[in-house]
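Colleague: Please take one part of this predicted model and go through it closely. I would like to see the end of one helix, what surrounds that helix, and how the neighbourhood connects to the rest of the chain.

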Amino acid sequence: HHHRAAFEAAARGFVGGKVPLGIKRKGLRIVVTGGAGFVGSHLVDRLIARGDSVIVVDNFFTGRKENVMHHFGNPNFELIRHDVVEPLLLEVDQIYHLACPASPVHYKFNPVKTIKTNVVGTLNMLGLAKRVGARFLLTSTSEVYGDPLQHPQVETYWGNVNPIGVRSCYDEGKRTAETLTMDYHRGAQVEVRIARIFNTYGPRMCIDDGRVVSNFVAQALRKEPMTVYGDGKQTRSFQYVSDLVEGLMRLMEGEHIGPFNLGNPGEFTMLELAKVVQETIDPNAKIEFRPNTEDDPHKRKPDISRAKELLGWEPKIPLRQGLPLMVSDFHKRIFGDHSDAKP
Ligand code: NAD
Ligand code: UDP
Ligand code: UDP
């Protein structure tokens with residue numbers, strides 16, 4: 001078994017436990033579902049830069065052509081408008097399966113569509129992986145832990161999820177997607193990888209997607225008050241997108257199935273986050289309290305020991321360093337300028 005793994009690793013262009021991502025090798029054919037979205041488009045940039053051929057499959061529910069337009073005309077890049085709820089025939093080596101709305105506002109907009117995307121969409125992509133012998137990576141979520149009773153969250157924790165709540169189309173959907181992934185692995189020998197992604201931010205996030213970082217940044221730039229839901233004492237841990245993409249690629253190329261928590265352990269209350277946004281954009285930005293949403297998890301922070309040990313991965317960009325990079329992108333998109341000057 002070890003010999004075979006070493007042979008496959010060599011054939012794929014690297015040897016040994018470490019994964020030199022920048023290495024030159026024969027390009028792979030890779031599908032990225034949801035590749036026109038926020039995380040997907042950053043992943044596509046890295047795969048194209050590495051010399052792989054990338055096919056983006058996206059229905060543009062929350063994704064945008066603008067996120068991948070800079071690859072149009074590159075023979076190694078293809079964009080297919082397709083809904084993963086429908087079957088799809090392709091010949092590829094790897095499937096990064098990201099297609100699914102990620103913001104609570106978006107995934108609650110049509111909950112039945114969200115659960116179909118997670119269940120039928122994931123089933124189709126696993127069927128595709130099985131047929132062509134491709135390796136399959138699922139982007140699951142920290143939401144599988146629900147409103148966690150263990151803190152920080154370890155991968156062995158089974159979670160505390162309301163199965164009939166307004167968030168369940170997403171968190172139960174992703175839990176089922178994880179189940180399908182493991183069943184295709186055990187039953188059909190599909191090579192699989194599972195990432196549990198914690199809150200991620202960065203350039204190209206939808207400006208009005210309702211997530212807390214995009215809301216606060218857009219509000220502070222527009223001189224509107226930042227909307228803190230509830231008492232603002234709930235916590236999240238915010239990861240910069242390039243750290244996540246590095247983790248996803250190491251997971252795909254590595255030997256371990258997971259699940260792996262991929263997140264930044266730096267934990268902030270929403271009031272602390274508002275303070276960081278004030279420091280970054282406008283010290284006079286105001287805060288306004290609003291009622292919180294239903295079933296909002298009280299706290300969330302990844303234990304990333306497993307990813308550190310087995311993937312040699314940990315995030316490098318703390319919130320105070322990553323936020324300005326997102327702010328300059330939002331500034332350009334909101335005010336349509338090309339300078340980083342403040343309004
Ligand atoms: P996003 O909304 O920007 O991207 C999702 C992409 O999937 C979009 O381009 C959208 O158009 C596409 N899509 C949605 N439904 C589809 C369907 N039925 N068929 C084809 N395409 C479809 O979100 P993101 O933040 O880039 O998230 C990417 C993945 O990572 C998602 O699976 C999400 O659940 C997961 N994730 C993200 C975070 C985060 O903080 N960003 C946290 C946990 C998990
Ligand atoms: N599927 C797909 N592309 C493929 C192979 C399968 O979209 O290349 C879909 C297929 O339509 C089915 C799902 O994946 O709905 C599961 O396929 P599998 O072969 O595992 O199951 P079966 O078709 O036997 O139900
Ligand atoms: N939140 C907030 N103000 C906003 C948007 C969200 O205070 O304008 C809070 C929300 O109640 C939650 C946290 O920020 O406690 C993270 O919400 P988000 O929708 O970004 O992601 P989640 O982790 O809930 O999926």
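**The end of helix α6 and its surroundings**

Modeller: Helix α6 is followed by K223, a residue with a positive phi near 60°. K223 is not a glycine, and a positive phi is noted for it on that account. The residue sits in the loop that leads from α6 to β8. Is K223 buried or exposed? It has 12 other C-beta atoms within 10 Å, so K223 counts as exposed.

The helix before that loop is another matter. In α6, 10 of the 10 residues are buried. They run V212, V213, S214, N215, F216, V217, A218, Q219, A220 and L221, so polar side chains such as S214, N215 and Q219 are on the buried list because the test is a count of 20 or more other C-beta atoms within 10 Å. The cover over these buried residues includes strands β7, β8 and β9 (235–237), together with helices α8 (270–280) and α10 (319–335). β8 therefore appears twice here: the loop holding K223 leads to β8, and β8 is part of what covers α6, a contact being judged by C-beta atoms within 7 Å.

The two elements on either side of the loop also meet at a ligand. Fourteen residues surround ligand 3, and those that come nearest are R211, V212, N215, T227 and Y229. α6 (212–221) and β8 (226–229) are the elements that give two or more residues to this shell. β8 supplies the largest share, three residues. By class the shell around ligand 3 holds five nonpolar, six polar and three charged residues. Two of the nearest residues, V212 and N215, are also on the buried list of α6.

From α6 the trail leads into the interior of the model. The largest nonpolar core has 77 residues, and F136, V217 and L248 touch the most other members. V217 is one of the buried residues of α6. L248 lies in the range of α7 (241–253). Apart from its neighbours within four places in sequence, L248 is in contact with L43, Y96, L137, A195 and L262.

Of those contacts, L43 brings in α2, since L43 is among the buried residues of that helix. The others on the buried list of α2 are F38, V39, G40, S41, H42, V44 and L47. They pack against β1 (29–33), β2 (53–58), β4 (94–97), β7 (200–201) and α7. β7 is thus named for α2 and again in the cover of α6. The length of α2 can be checked: 13 residues, 38–50, at 1.5 Å a residue should span 18 Å, and the end C-alpha atoms are 19 Å apart, which agrees. As with α6, a positive phi comes after the helix, here at G51, with a value of about 100°.

α2 also takes part in a ligand shell. Around ligand 1 there are 28 residues, with G34, G37, V39, T62 and G63 coming nearest. V39 is on the buried list of α2 as well. α2, α4 (111–132) and β5 (135–141) each give at least two residues to this shell, and α2 gives the most, three. The shell divides into 13 nonpolar, 13 polar and two charged residues.

K223 has a counterpart in F60, which is not a glycine and has a positive phi near 60°. F60 is located in the loop between β2 and β3 (77–81). F60 has 12 C-beta neighbours inside 10 Å and therefore counts as exposed.

Two cis peptide bonds complete the backbone notes. One joins H151 and P152, with omega about -10°, and P152 is in the loop between β5 and α5 (168–188). The other runs from G258 to P259, with omega near 5°; P259 is in the loop between α7 and β11 (260–262).

As for the wider setting, an unreviewed UniProt entry places the feature "domain: NAD(P)-binding" at residues 32–324. Over that range the chain is 37% helix and 17% strand, and the end C-alpha atoms are 28 Å apart.

Note on methods. Residues are numbered from 1 along each chain as its sequence is written. Chains are lettered from A and ligands numbered from 1 in the order in which they are written. This is a predicted model: local features need pLDDT of at least 70, side-chain atom pairs count only at pLDDT 80 or more; totals for chains, interfaces and linings use all residues. UniProt positions are given in the numbering used here, feature names are shortened, and annotations may be inferred rather than shown by experiment. Helices (H or I, at least four residues) and strands (E, at least two) are DSSP runs, numbered from the N terminus. A residue is near a molecule or strand if its C-beta atom, placed from the backbone, lies within 6 Å of it. Ala, Val, Leu, Ile, Met, Phe, Trp, Tyr, Cys and Pro count as nonpolar, Asp, Glu, Lys and Arg as charged, and the others, Gly among them, as polar. The expected span of a helix is 1.5 Å times one less than its number of residues. Two residues are in contact if their C-beta atoms, placed from the backbone, lie within 7 Å. A nonpolar core is a set of buried Ala, Val, Leu, Ile, Met, Phe, Trp, Tyr and Cys residues joined through C-beta atoms within 7 Å.
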